[in-house]
Structure formats: C-alpha cells, structure tokens
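The exercises below ask you to work through one protein chain with the sequence and the coordinates side by side. Each task is followed by a solution that goes step by step.

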Amino acid sequence: GVITNAGGAVRVRTLPGQESYPAVNANGIQSQVLSRWASSFSVTAGTKSTALEAVGRSVSTARPSTGKRPKKTLDKKAGNKDCKADIAFLIDGSYNIGQRRFNLQKNFVGKVAVMLGIGTDGPHVGVVQASEHPKIEFYLKNFTAAKEVLFAIKELGFRGGNSNTGKALKYTAQKFFSLENGARKGIPKIIVVFLDGWPSDDLEEAGIVAREFGVNVFIVSVAKPTTEELGMVQDIGFVDKAVCRTNGFFSYQMPTWFGTTKYVKPLVQKLCSHEQMLCSKTCYNSVNIGFLIDGSSSIGESNFLLMLEFVSNVAKAFEISDIGSKVAAVQFTYDQRPEFGFTDHVTKEKVLAAIRSISYMSGGTATGDAISFTTKNVFGPVKDGPNKNFLIVLTDGQSYDDVRGPAAAAQKAGITVFSVGIAWAPLDDLKDMASEPRESHTFFTREFTGLEQMVPDVIRGICKDFLDSKQ
C-alpha cells in the first residue's frame, strides 16, 4: 500500500520495516520508483497538509483528509482549466516587512499558488520581489506544477531595502509578461502586489504603464500604516492609483500576516474571475487605426518614403491580428486611393509589407473629401465592432477644400482624429481636423525627418484616449 507521512511526501512501502522515498531530480521529475505506484494513489490539490508542510509551517491548520479519492487523476498536470491566467506575485521584500513577516508572506503566497490549481492548461505563476531594486525571482515558464512553485517560493531569500513598489510594478508590467518568458496570448495578465504598510515611492505612473500593457493590477494590503507612519506615505490614495479599476474588485485587505488561511480562497476566487479582468483589453490589442496619407506633388518621392516609415513605426507598436488591432491606409490627392482595408491583412508582417509597397501618387490636396471617403468606406464596415477607431491624417500642405465639416462628421461617427502636419501644413487646418482636446491631437514638424521623433507621442496619445474612454 501507499501512505503519506506528515510531511506530505509519498512513502512507498517496500519490505516490512523499510521505506524508500521517490527520488526527485532537479527538474522536479519523479523517478521510476514513483511511477510504478502512481496508479494506486493521487494527491489532491485540496490536501492542505502537503501545501503547508512544503512551506515549513505546522500542520495544525490542515483539514483531516477525507480519505476519498479524486475521480480525475490526469488533471493534476493540466491544472484548473477554468482559471486561465498568467499571474505575477509582486512580494514585499523591504525592511518595512522584515524577515519574520516576509516568511509569513511567502507561506501565504504558497497557499494561494496551490489553491489556484497551477498546471499546463491552468494558471501559470511567477514571483517578483520588490525592494530597493526589483528582482524577477522566477518566470511563468519556469514551473508548471504546484509542487515546484511551492519549493521555489520557499527558497526565496529576503532582500531588504526600501519598498520601491512603484518601481517594481512598472518593471514587472514592462518586462515580466513577454512571450519568451512564458506569457500566453489571449490569457489575462495579472500582477498581485503585496504591500506591508505603504510603498516608499509613487505608484501612479506604474499603474498607468500596467494598464497600457494590458495588465490587471491587484493590491493586497496588509497591516495599514500606523499613525506615525502615515507621514511617510507619499500619497494616501496610492491603492486607487495603481489598481486596474477603482471599483473595489482589485483591492484586498488583510489585517495582519498571522492567521491568513481564511483569506486564501476569496483571493483565489477573485484571481480566477476571468470576466472581471477589465484591463486585459488594451490600446495595443483593441484599436482600429486608419492612416490617411497625403500623396500631393509637393512632397516628392523621398519624403513620401519618410511618411511611410512613420506609418510603419506607429503600426508596429500594435498587436495586429484577427482578434486584435487592425490597420488600414488610404492615399489621397484630388482623388482617394484605398491602399488596404481593416480586414485585408490580419498579421503585423502583412500589414508592414502592404505599407512598404504603397506607391506615390502625386497630385493636388483635397483633405476634406479624403476624410469623408475614409469615414464612409474604410471605417463604415467596422463601426459596430469592438475596437475603438482612430484616424491619423498626414499632410504637408493647405487643403483645397473644407476640412472642418468632414472632420466633425468623422468624430460624430466615433472616430478619434489625430492630425500630423509637416512643412507647409497650416496649423489652423490641423486644429480644425483634430479631436478635442485639440492640443494633444495635433502634431507638427518643419522637416519630414522630424516625423520619427513623433512616433512615441502618437502611440501614447492613442493609448491615453483608449484608457480615458474605458474609465
């Protein structure tokens, strides 16, 4: 028979009076001794004693085993398929928390990790430690079994220093969720920030960056700052600045690190509520961007190529796919020439190739007509879709027709207009086309070479509008 000892390790009975423990190699793969017996037992994720022991706590809080065997033995590896999420636990490793509470925090995070049901098709987790400088302890791809994650959490060393949570949050949002580090496409990205007391830096900018990157930020605050500590808190409303939404769902309070077992399940339920992850939709994966490109004869072939490069660089920043962002382009002189529509190319590579192959028309400048044409023919077919619509008008001169009426009609149809003027484009025209507030939707450069510097500002402008529309 097979019995489990108090430590949660599985003992395999051999001869009477002898026991052999299955060997586990560095990758967490159990040796043959165990596989012969695997069919005769299974450890359920619900057996609390295993989890608690693995992080070195006493077993007194464990529920007695019911002795029932779970029906599914194969699902352990796949994990909880109903909780698809990529989660970074951002733990507090500062002098604020101290070594003892740091260990209690690790214990709590370990319990949460186990209850989530980590597995290949379920949630994946990693850990980042916030202290003076943030440190990624392990990535999503490093472990896909709860047992390995628990061991890795147990091994974490305390770093000390200031609790620069804002710095760590920004770093995690930008660096942690890359595809090469194991993030999965189309699965909600979550950062659970554990805070003991208060952050020693500002969380506002980090919160904005996280939302831009499509990360759902949760703040678990433990032990509020004491009265004498309140003077050290830069911003008392720091939780609201960081969380995904201030609707109460994304913040969670625990009075102390002691006796936290009862807080595990409610937190896990939140992290598994897929439909509540309001920040998974981002400007990068949920916009349609139409480019209206001036092809008039004052531009010339080489400057036209600089305009196409600008278009490519803006498009490159977005996650273009059939379920993500989409790009379209129209070139105009007196006439309009649709280069490609929103549904013509569904990969970034194809869109960039299509932009490169646009040939220069040369002719007059009827910007108003071009805006009307694009509103109707390019945005018309997608106006009821889920993505937010943006039009970027690139022009180097005065329009021969009225731009104000067509731009107002475009905005009324739900399209946000950015105007990008070069050389002789009159500022009045640019402002007349741009959405409100006009200052932040109007761009101008004397030289075509100046377009390159504008790329990040235009991308940020799109993201800001997207976030504002979702608040």
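## Exercise 1: the nonpolar cores

The largest nonpolar core has 67 residues, and those with the most contacts inside it are Phe89 and Leu271. A nonpolar core is here a set of buried Ala, Val, Leu, Ile, Met, Phe, Trp, Tyr and Cys residues joined through side-chain atoms within 4.5 Å, where buried means under 20% relative accessible area, exposed over 50% and partly exposed in between, with a 1.4 Å probe and protein chains only. The model is a predicted one, in which local features need pLDDT of at least 70 and side-chain atom pairs count only at pLDDT 80 or more, while totals for chains, interfaces and linings use all residues. Residues are numbered from 1 along each chain as its sequence is written, and side-chain values use heavy atoms, with hydrogens and water left out.

Task: Determine which element gives the most to this core, and which residues Leu271 touches.

Solution. Step one: helix H4 gives the most to this core, with 7 residues; helices (H or I, at least four residues) and strands (E, at least two) are DSSP runs, numbered from the N terminus. Step two: not counting residues up to four places away in sequence, Leu271 touches Cys83, Ala85, Ile87, Phe89, Val112, Leu116, Ile190, Val192, Phe218 and Met277, contact meaning heavy atoms within 4.5 Å. Step three: a second, separate core of 42 residues includes Cys283, Val351, Phe390 and Ala423. As background, in soluble globular proteins nonpolar side chains tend to be buried together.

## Exercise 2: two helix pairs

Task: State how H4 packs on H5, and how H7 packs on H16.

Solution. Step one: helix H4 (residues 98-116) and helix H5 (residues 146-154) pack at an angle of about 170°, with their axes 10 Å apart; axes are lines fitted to C-alpha atoms, for helices over the stretch in contact, and angles run from 0 to 180 degrees between N-to-C directions. That angle makes H4 roughly antiparallel to H5, given that angles under 35 degrees count as roughly parallel, over 145 as roughly antiparallel, 65 to 115 as roughly perpendicular and the rest as oblique. Step two: on the H4 side, Lys106, Val109, Gly110, Ala113 and Val114 meet Ala146, Val149, Leu150, Ile153 and Lys154 of H5. The residues of this contact divide into 7 nonpolar, 1 polar and 2 charged, with Ala, Val, Leu, Ile, Met, Phe, Trp, Tyr, Cys and Pro counted as nonpolar, Asp, Glu, Lys and Arg as charged, and the others, Gly among them, as polar.

Step three: helix H7 (residues 204-212) and helix H16 (residues 451-470) pack at an angle of about 90°, with axes 11 Å apart, which makes H7 roughly perpendicular to H16. Ile208, Arg211 and Glu212 of H7 make this contact with Arg460, Cys463 and Leu467 of H16, and by class it has 3 nonpolar, no polar and 3 charged residues.

## Exercise 3: buried residues and their partners

Task: Place Val243, Val215 and Ala328 in the chain, and list their contacts beyond four places in sequence.

Solution. Step one: Val243 lies in the loop between helix H9 (238-242) and strand S9 (251-254), and at 3% relative accessibility Val243 counts as buried. Its contacts are Arg211, Val217, Ile219 and Phe250. The C-alpha atoms of Val243 and Gly207 are separated by 6.5 Å, although these residues are 36 apart along the chain.

Step two: Val215 lies in strand S8 (residues 215-222) and is buried, with a relative accessible area of 1%. Val215 is in contact with Ala173, Phe177, Lys189, Ile190, Ile191, Ala210 and Cys279.

Step three: Ala328 belongs to strand S11 (residues 326-332) and is buried, at a relative accessible area of 0%. Ala328 touches Ile289, Gly290, Phe291, Phe340, Gly341, Phe342 and Val378.

## Exercise 4: backbone exceptions

Task: Locate the cis peptide bond of Pro437 and describe phi for Ser362 and Ala423.

Solution. Step one: most residues other than glycine have a negative phi, and most peptide bonds are trans. Step two: a cis peptide bond joins Glu436 and Pro437, with omega about -15°, and Pro437 lies in the loop between helix H15 (427-433) and strand S15 (442-445). Step three: Ser362 has a positive phi, near 75°, and sits in the loop between helix H12 (348-356) and helix H13 (367-379), where at 37% relative accessibility Ser362 counts as partly exposed. Step four: Ala423 has a positive phi of about 55°, and at 14% relative accessibility Ala423 counts as buried.
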